Amino acid sequence: MNKRLIVLLVSIILLVALIGFSLRERENISWPEQFVKDIVGFGQNIASKPAGYVQGLVENVQDLTNTYSENQTLKARLEELVQLETEVIDLTRDNEELRGIIGIEENLRDFNVVHATVIARNPDQWQETIIIDKGQVNGIETNMAVQTASGMIGRVKDTGQFTSTIELLSARNPNNRVSALIQSDESNVFGLVEGFDREREELMVRKIPFDQEVQEGSRVITSGLGGIFPKDLLIGEVTEVAQDEYGLTQIAYVKPASSLYDLEHVMVIERTAVGQSEIEQDSQDEEAE
């Protein structure tokens with residue numbers, strides 16, 4: 001037993017001495033330490049390469065996952081931005097159109113104006129008729145003039161209780177005529193809006209006397225004659241003047257003031273008694289002259 005205790009004590013003393021020896025400041029380490037360190041370092045080097053490869057693979061997968069997630073988020077934001085841009089464009093256009101309607105309405109003091117929205121358009125008659133969300137219960141009657149903030153587009157063809165059909169100025173109906181007045185610096189020239197040139201996409205004002213001079217760029221408005229449409233509704237602007245097929249009268253090609261295709265908000269115009277009397281008086285004065 002004593003021998004064992006002596007051996008244990010000596011072993012502890014040697015161990016403490018070795019530990020102290022290894023902890024002291026040295027410029028060089030012993031060859032056993034170098035041998036052990038080299039063996040351990042070699043093993044660590046072998047183990048670190050596959051571990052680093054696996055770690056890099058995991059990081060790449062995580063990066064791809066994050067990239068996919070960020071891409072989906074960016075796509076959603078992009079779709080939101082596109083939708084928002086579309087809404088801004090629509091709201092801007094509606095704002096400008098409604099502002100124009102308000103400005104036009106101030107000039108229509110002698111007329112009752114009913115605001116309406118286009119709810120349908122016949123694909124078979126795309127250039128001829130539209131349907132609005134106002135009808136007889138709103139005071140809409142046949143042959144009332146219809147215009148946008150830019151100018152006249154047609155007349156009420158027929159009405160229901162809650163909707164009405166509008167015949168556009170571009171309709172092929174030969175009875176779809178508008179008494180027009182071409183404003184000129186020297187004198188006003190009367191004519192009839194009859195027909196629509198599909199190739200030019202312009203209205204045709206016929207029955208213009210051959211001896212009347214019509215200048216390009218002249219404004220064309222409703223004359224108020226005939227007792228159907230109010231006076232001074234803008235129709236368009238003259239782009240060209242030519243003789244008719246018989247050479248007896250002239251034809252003026254007129255670019256519509258309002259688009260006949262992109263229609264959303266319209267105004268149905270009803271003459272008041274005051275406006276009707278003023279137009280009749282103007283007609284009598286013109287006939288007297």
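## A tour from helix α2 to strand β5

Val88 is partly exposed, because its relative accessible area of 45% falls between the limits of 20% and 50%. This is a predicted model, and a good first selection is Val88 itself, which lies in helix α2, spanning residues 31-106. Add Leu78, Leu81 and Leu84 to the selection, and together with Val88 these residues make a nonpolar surface patch of about 380 Å².

Next, select Ser164, which lies in strand β5, residues 164-168. Is Ser164 buried or exposed? Ser164 counts as buried, because its relative accessibility is 1%, under the 20% limit. Showing its surroundings, and leaving aside residues up to four places away in sequence, you will find that Ser164 touches Ile130, Ile131, Ile132, Lys134, Gly135, Ile140, Val156, Asp158 and Thr159. Among these, Lys134 deserves a separate look, since its backbone oxygen lies 2.7 Å from a polar atom of the Ser164 side chain.

The last two stops concern the backbone. Most residues other than glycine have a negative phi. Select Asn143, in the loop between β2 (129-132) and β3 (145-147), where phi is near 70°, a positive value in a residue other than glycine; Asn143 counts as partly exposed, at 33% relative accessibility. Then move to Glu201, in the loop between β7 (189-197) and β8 (202-209), where phi is again positive, near 55°, and where the residue is partly exposed with a relative accessible area of 44%.

Conventions. Residues numbered from 1 in each chain as written. Predicted model: local features only at pLDDT ≥ 70, side-chain atom pairs only at ≥ 80, totals over all residues. Heavy atoms only, no water. Helix = DSSP H or I, 4+ residues; strand = E, 2+ residues; numbered from the N terminus. Buried < 20%, exposed > 50% of the residue type's maximum accessible area, 1.4 Å probe, protein only. Patch = residues over 30% accessible without salt bridge, like charges linked within 9 Å, V, L, I, M, F, W, Y side chains within 5 Å. Areas by Shrake-Rupley, 256 points an atom, 1.4 Å probe, with all protein chains shown as cover. Salt bridge = Lys/Arg side-chain N within 4 Å of Asp/Glu carboxyl O. Polar contact = N/O pair within 3.5 Å; in protein donor to acceptor, adjacent residues only side chain to side chain. Contact = heavy atoms within 4.5 Å.
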